[in-house]
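Thanks for coming, everyone. Today I'd like to walk you through the empty spaces in one protein, and then the sheet beside them on my list. Here it is on the screen.

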Amino acid sequence: MLRSATRLVRLTSPDRPLDRELLHSRGGFAWWYLDAIDARGDGVVAIWSFGLPFLPGYRASSRRGDAPPARERPSLNVAVYRGGREAFYLLQEYPTHDASWTGERWRFGESTLESHVRGGRRQARLSLDCPLPGTSERLEGSIALDGVPRRPIAAAQPTLDDHDWSPLTGPSQVQASLRVGGRALLDFEGRGYHDRNGSRTPFDRLGIAHWVWGRVPMPDRELIYYVLWPDGDGAPEALALEIDEDGVTRDVPVRARLGGERRARFGMPFWEDVALIDPDGRTWLDVRHTALLDDGPFYLRFGTEARRGGHRAHGTGELVRPGRVDLAPMRPFVKMRVHHTEAPSSRFNPLFVGPRRGRWRRQLGALLR
């Protein structure tokens with residue numbers, strides 16, 4: 001049996017889907033994550049969710065004790081990164097009636113998403129059709145993953161109150177073709193990764209002060225690390241996983257060694273270097289945060305370069321501080337990054353949502369209408 005848990009997150013078997021009861025949890029969450037990265041470090045990320053903790057107002061409502069059920073906050077996030085910069089960003093929230101989750105299929109507005117294991121392969125397909133603020137143009141296209149399904153593991157049964165996390169894939173390939181208004185945004189092929197998270201415990205009550213997560217595609221396996229700091233003064237806890245080309249998961253005991261502390265634009269501290277050290281003192285993986293792709297008040301996304309023995313690869317990583325999510329002084333700025341398809345959204349959405357190129361033109365046009 002794998003260790004399968006820290007005190008703060010529980011690694012679960014991929015054959016155990018998230019419990020639909022999470023839809024009814026007030027302040028809880030269920031999200032599915034897919035990313036892909038190519039040999040240059042360019043990539044695409046998609047997250048579809050109910051009760052995404054980063055949505056403005058959701059954590060505040062939890063603190064007040066009047067959080068809505070997770071099903072009432074459905075959202076879809078798509079981001080494209082090129083040349084160490086954000087090329088496209090969309091975090092779109094939908095009304096309850098315009099989103100659904102049925103088995104291994106989801107719908108958000110005109111977009112449909114599915115993820116399943118068939119014929120011994122994990123396959124996910126995202127067919128995207130999303131409106132963009134400040135323009136009549138839409139994000140359209142597809143992201144398709146095909147890869148090694150992670151094999152079932154012997155793991156303790158989590159409760160709905162645990163932070164239930166499960167990688168779903170070993171080495172996988174992704175093909176993506178996205179366009180905006182008929183113009184090509186992304187024609188891409190790269191290594192993919194897919195996982196899911198869920199809990200009925202509100203995000204800020206999981207006991208996590210902050211975490212560093214990342215994944216690195218090596219030639220014959222996927223390397224995933226998760227370092228979590230508990231609230232208070234406790235030492236960080238770490239999970240390190242290898243998922244090979246047969247879908248077998250190996251759990252490696254590691255400790256984290258961090259170096260090069262810096263602060264991002266909104267005061268978020270982060271480290272340029274993360275080394276994962278095994279019990280014999282050897283470096284299991286050496287990671288360097290080379291590009292700050294998403295710089296927010298509670299969330300940072302990185303492009304990374306990683307080294308293991310003689311192998312080097314581009315990867316992706318993130319740092320999250322739950323205690324900084326949805327703080328009142330920052331909420332207006334976060335709203336600028338979230339577009340609601342029916343409810344009123346920030347009038348500055350066009351400046352922060354959609355293709356990076358042309359944002360000022362779209363913003364000016366929206367203000368003049």
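First, some vocabulary: when I say strand I mean a DSSP run of E with at least two residues, and a helix is a run of H or I with at least four, both numbered from the N terminus. Keep in mind that this is a predicted model, where local features need pLDDT of at least 70, side-chain atom pairs count only at pLDDT 80 or more, and totals for chains, interfaces and linings use all residues. Residues are numbered from 1 along each chain as its sequence is written, and side-chain values use heavy atoms, with hydrogens and water left out.

Now the holes. On a 1 Å grid over the protein atoms alone, a cavity is a set of points where a 1.4 Å probe fits but cannot get out; a pocket is an open set with protein on both sides within 12 Å along at least five of seven lines; and a lining residue has an atom within 4 Å of a point. Points are joined across faces, edges and corners, and volume is the space filled by probe spheres set on them.

There are four cavities of 30 Å³ or more. The largest has a volume of about 170 Å³. Its lining has 14 residues, with Trp31, Tyr33, Asn197, Trp211 and Glu318 nearest the centre. By class that's 11 nonpolar, one polar and two charged, where Ala, Val, Leu, Ile, Met, Phe, Trp, Tyr, Cys and Pro count as nonpolar, Asp, Glu, Lys and Arg as charged, and the others, Gly among them, as polar.

The second largest cavity holds about 70 Å³. β2, β3 (43–50), β21 (299–308) and β22 each give its lining at least two residues. Ile37, Gly43, Tyr81, Leu293 and Thr316 lie nearest its centre.

On to the pockets. So what volume does the largest pocket have? About 840 Å³. Of its 32 lining residues, Glu86, Arg265, Asp294, Asp295 and Arg337 sit nearest the centre, and β20 gives the largest share, four residues. The second largest pocket, at about 460 Å³, has 10 charged residues in its lining, plus six nonpolar and three polar.

Last, the sheet. Nine strands make an open, antiparallel sheet, ordered β17-β16-β15-β14-β22-β21-β20-β19-β18; strands pair if DSSP finds at least two bridges between them. β17 (249–251) and β18 (255–263) are the edges, each pairing on one side only. Within it, 10 bridges join β14 to β15, one of them linking Val212 with Val227.
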